[in-house]
Amino acid sequence: MCERNVFSLLCVIFALNVVRADVRFASYYGDHMVLQQAPARAVLWGYGSDQYKVSVILQGTNLYHTADVYVQNGVWRVTLPPTKAGGPYSVNVSQQGSQVTLTDLMFGDVWMCGGQSNMYFTVSQVFNASAEMALAPQYPNVRIFMAALNLSQEELIDLQKVQMPWSVPTAERVGHFSAVCWLFGRYLYQVLGYPVGLVESCWGGTPVEAWSSSQALHKCGLEKQEDVFSSDSYTSPDDMGPAPKRQNSVLWNAMIHPFLNMTIKGAIWYQGEDNAAYHLEKYSCSFPAMIDDWRAAFHLGSGGQTAPDFPFGFVQLSTWKKTEDGFPVLRWHQTADNGFAPNPRMNNTFMAVALDLPDEKSPWGSIHPRFKQDVAYRLTLGARAVAYGEKGVSFQGPFPDSVQLIGDSINITYNQPVSVTPTKSVFEICCTEEKKPCNGSSKWLPAPTMQWGERYVQVSVSRCESVVSGLRYAWSDWPCEFKACPVYSADRGLPAPPFTLNRWPQP
């Protein structure tokens with residue numbers, strides 16, 4: 001009971017608020033938002049009093065839908081009927097005289113955008129930023145939302161704070177939004193022709209462990225917590241301060257788990273730089289495990305509306321330093337050690353190769369290249385082919401179909417026609433004294449290109465005077481200059497991804 005003192009007025013106000021219990025939406029619903037279109041069904045939820053039902057009305061052109069739902073433990077939830085792309089629509093939610101209305105809602109495809117600083121990297125930081133920002137108002141049906149940066153030791157059901165509520169794009173808003181996310185959505189809209197919703201939830205200098213649930217980490221033996229700071233010194237243009245510690249699940253808890261009730265089409269991801277120096281050897285397990293876990297969690301949270309294998313695109317790391325060697329291994333682990341995506345371990349995924357987009361003079365540091373248009377375009381090709389099943393869209397660079405050692409040369413046959421520029425050192429051979437598996441500490445020698453044709457490249461192994469035990473390509477942090485790698489698709493649009501092959505693989 002409230003005591004008669006200076007705090008009595010606050011006690012009365014608190015009591016009145018408890019009785020009133022205004023109905024409201026969860027944090028990430030708002031005017032201008034995009035809800036997932038048919039055949040999936042969008043989910044709405046929020047808060048109210050357990051004493052009364054909540055009435056929900058969805059209306060728009062040729063559509064009027066009503067639903068009355070119970071409130072359980074202060075939370076109401078409704079699954080809308082399948083609604084085709086378009087709009088605008090409005091939603092009114094009411095309970096005992098209290099009501100709230102959302103307007104200018106669109107139905108379309110909703111994409112999550114996650115990762116670390118290269119996903120956080122804004123449109124205002126890219127090459128031709130002014131021109132890109134000026135285009136924003138021409139795409140009023142590409143809507144944007146940004147979660148605020150927060151940590152939590154426990155799984156949250158809602159966001160603690162919103163950085164940017166759902167918005168119709170303007171130059172200013174887009175300037176503060178993820179470049180890869182925005183450009184991906186814009187390019188996608190140009191193909192689809194219907195609304196696209198983009199949800200940005202990322203934080204610079206963070207490892208995959210922070211974005212993974214405890215269940216996902218358990219699958220890779222990463223339950224033990226290591227309390228160390230990230231080495232990523234990147235600070236956002238909004239002066240967000242230092243990156244969080246490398247704490248397991250703290251960003252999953254605060255910045256992903258709250259979204260699980262949302263029905264989404266898919267996700268794109270740009271992360272890995274931090275893991276090049278943190279649990280690198282585990283990334284071939286932890287990254288695919290995170291994808292699997294996100295898929296299962298979004299499917300369950302949305303009541304089965306988000307696909308259990310929703311499409312997941314990611315960016316294979318670009319470059320940082322010409323003297324480092326962590327990125328090649330991380331790039332390989334990003335593909336679960338297959339070299340390409342989708343693959344048997346990572347179904348319904350797509351990958352944008354970015355190792356040919358270095359930016360040594362980036363004012364944000366060479367680890368943050370400004371060529372985000374190319375990255376987003378390559379992601380869009382993958383989404384068109386994998387997420388939307390568009391036929392005839394080339395989205396993967398050339399990858400070896402077969403490798404043959406013939407005399408003093410190796411003949412590499414690719415799975416598609418190639419465009420080749422001769423190189424003295426980007427191909428390398430592993431030279432051993434006996435037949436044994438190769439690794440990073442083995443003796444690797446340059447294998448210059450000798451000749452090439454429509455689908456093959458021949459490299460020399462003459463420098464190896466013992467046993468040729470392996471072959472690798474573009475196995476360095478910075479293997480080539482801007483769009484100047486040795487092997488591309490025939491139209492030179494897509495670079496060949498790096499690979500490493502063992503002649504005598506480990507049992």
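The exercises below, each with a worked solution, deal with helices and strands in a predicted model.

Residues are numbered from 1 along each chain as its sequence is written, and because the model is predicted, local features need pLDDT of at least 70, side-chain atom pairs count only at pLDDT 80 or more, and totals for chains, interfaces and linings use all residues. Side-chain values use heavy atoms, with hydrogens and water left out. Helices (H or I, at least four residues) and strands (E, at least two) are DSSP runs, numbered from the N terminus.

**Exercise 1.** Describe how helix α5 and helix α10 cross.

*Solution.* Begin with the axes, which are lines fitted to C-alpha atoms, for helices over the stretch in contact, with angles running from 0 to 180 degrees between N-to-C directions. The axes of α5 (residues 179-192) and α10 (residues 372-387) come within 8 Å and cross at roughly 50°. That makes α5 oblique to α10, since angles under 35 degrees count as roughly parallel, over 145 as roughly antiparallel, 65 to 115 as roughly perpendicular and the rest as oblique. Next, look at the contact (heavy atoms within 4.5 Å): residues of α5 including Leu183, Phe184 and Tyr187 meet residues of α10, among them Val375, Ala376 and Leu379.

**Exercise 2.** Decide whether helix α9 is largely enclosed or not, and say what its buried residues pack against.

*Solution.* Buried means under 20% relative accessible area, exposed over 50%, and partly exposed in between (1.4 Å probe, protein chains only). Eight of the nine residues of α9 (residues 326-334) are buried, so this helix is largely enclosed by the rest of the structure. The buried residues, including Phe327, Leu330 and Trp332, pack against α8 (283-301), β13 (312-315) and β24 (499-502). Just after α9, Ala336 takes a positive phi of about 55°.

**Exercise 3.** Work out how strands β4 and β5 are joined and paired.

*Solution.* Two strands pair if DSSP finds at least two bridges between them. Strand β4 (residues 54-60) and strand β5 (residues 63-69) pair in the antiparallel sense over seven bridges, and Ile57 stands opposite Thr66 in β5. The two strands form a hairpin with two residues between them, and Asn62 in the turn has a positive phi of about 60°.

**Exercise 4.** Place Ser469 in its strand and its surroundings.

*Solution.* Ser469 is found in strand β22 (residues 467-473), a strand of an open sheet with the order β19-β18-β22-β24 and antiparallel pairing. Ser469 is buried, with a relative accessible area of 0%. Leaving aside residues up to four places away in sequence, Ser469 touches several residues, including Cys430, Thr432, Leu501 and Trp504.
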